Amino acid sequence: MRERGRPIAETPRPAMREHGRYAAIEFLTWLPTGLMLAPMVLLMAGRGLDIAEIGLVTAAYSVTVVVLELPTGGLADVLGRRAVLAASAVVAVAALAVMALAHSAWAFLIASVLKGVSRALSSGPAQAWYVDTLHERHGPDADLKPGLAAGNVAGSAALAIGTLAGGLLPLAVRRDPLAAPVWAAAGAAVVLLVAVLVLMREPGRTARGPARAARLTAAVRDVPVTIAGGVRIGLADRGLGRLLLVAVAGGVLLNTIEMLTPGRLAEVTGRAETGGAAYALVTFAGFAANALGSSLAPVAARLARGSVRAAVLATVVVAAAAAALAASVALRGWAAIAAAAAAYVVLFTALAVASLLRTELVHRRVAADRRATVMSVDSLQLQFGGMLSSLCLVPLAGVTGAGPVWALTAVVVLASALLYVRLPAGPTLGNLR
């Protein structure tokens, strides 16, 4: 399970400038999501949507992301990461403005589709830009972990800060209070657009055509070719295929705990309002733990003597935390809330370590001109895992309760650790170009 090539301690150390830019962009990318997370469902309910309509609106987001994930990844490889991420910010501003003004199911549905478009466009370009920049300036052996960790920490911090701010802001606003966080999210998306245009300087790899129309035509023509290339890479490289399959288990895990924990805490506290407050605190603890775990990933790789070995150990810890969450259903009152929070902290800390190291392993097997596409395939696997959870495990919880479903999820996560065992060696980056 040991990595091939130069030892970690001897790999080049990139400058902090690239780390800072990538972290700033990741923070601003996830801040709008954090701001709208807490009031989103309450806003729709307050404007007359019933639970079935809210479910349909939420499903439209997931379907849009799944449908557009691969094509938008191909666009990022062809048009450049900066242009696609800037387009994502523009669409996000439009989506959030429509959402803030919406007073019908159709309007919320349009906002949800636009949010899905924005999410699909933002999946992969920033990370692909960061890796390309480091490879161009420091060579293919540049240590990616510190920068990837900084980006993950920034993204988790944005979600944690945004969630708290989005939950507290309505208390300070008298007129249309639940829409205030959504408007704040739209403002954050504008800041993201400016940051992308100023901070992201594309490496010379990006194609430059003689005319914008010709470039766009070529880009559209090349998208299916790029997508097919990305899928072929995943099929031809068995190791890469295994690493991408791990993301399916991650999607199952995240969707299952996010869908079932609010109901469980409402049952424990006896009221939906208090259950929602408890869930907000538990979620904040999880986001904070995720940021901590991302910062610990490089240390974990050194202590375990390799990213693969550290990813396996972290995945086992994630499975154990999910099992502990399942066992917590036997508790009542504050003990149940404290147990859920503790399980979230351990789970998200270890999940951050495993996810970051797996991402590094994926990048080391992919050439620059297919990186954004493979990142989109990876994100698609995560969404696919979430859909499987929604269709199979969440309905099962209606019969068995949350505990058995969380236990089954722990088994799925533990099984995913086997995908790392005897991971086939990947092709060198030079051979991929």
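The following exercises, each with a worked solution, concern a cavity, a helix and the nonpolar cores of a predicted model.

**Exercise 1.** Find which residues line the largest cavity, and sort them by class.

*Solution.* Begin with the count: the structure holds 1 cavity of 30 Å³ or more, and the volume of the largest cavity is about 40 Å³. Next, read off its lining, which is made up of Arg 17, Glu 18, Arg 21, Trp 129, Thr 133, Arg 137 and Arg 201. Two elements, α1 (16–37) and α6 (125–138), each give two or more residues to this lining. Finally, sorting by class gives 5 charged residues, 1 polar and 1 nonpolar.

**Exercise 2.** Describe α6 by its length, its cover and what follows it.

*Solution.* Start with the length: the 14 residues of α6 reach 20 Å from first C-alpha to last, close to the 20 Å expected at 1.5 Å a residue. Then turn to the cover, where buried means under 20% relative accessible area; 11 of the 14 residues in α6 are buried, including Trp 129, Tyr 130 and Thr 133. Last, α6 is followed by Gly 139, which has a positive phi, near 90°.

**Exercise 3.** Place Tyr 130 in the largest nonpolar core, and list its contacts beyond neighbours within four places in sequence.

*Solution.* The largest nonpolar core has 43 residues, and Tyr 130 is among those with the most contacts inside it, together with Leu 357, Val 362, Val 374 and Tyr 420. Helix α13 (residues 333–363) gives the most to this core, with 6 residues. Leaving aside neighbours within four places in sequence, Tyr 130 is in contact with Glu 18, His 19, Tyr 22, Leu 144, Gly 147 and Leu 148.

Conventions. Residues are numbered from 1 along each chain as its sequence is written. This is a predicted model: local features need pLDDT of at least 70, side-chain atom pairs count only at pLDDT 80 or more; totals for chains, interfaces and linings use all residues. Side-chain values use heavy atoms; hydrogens and water are left out. On a 1 Å grid over the protein atoms alone, a cavity is a set of points where a 1.4 Å probe fits but cannot get out, and a pocket is an open set with protein on both sides within 12 Å along at least five of seven lines; lining residues have an atom within 4 Å of a point. Grid points are joined across faces, edges and corners, and a volume is the space filled by probe spheres set on the points. Helices (H or I, at least four residues) and strands (E, at least two) are DSSP runs, numbered from the N terminus. Ala, Val, Leu, Ile, Met, Phe, Trp, Tyr, Cys and Pro count as nonpolar, Asp, Glu, Lys and Arg as charged, and the others, Gly among them, as polar. The expected span of a helix is 1.5 Å times one less than its number of residues. Buried means under 20% relative accessible area, exposed over 50%, partly exposed in between (1.4 Å probe, protein chains only). A nonpolar core is a set of buried Ala, Val, Leu, Ile, Met, Phe, Trp, Tyr and Cys residues joined through side-chain atoms within 4.5 Å. Contact means heavy atoms within 4.5 Å.
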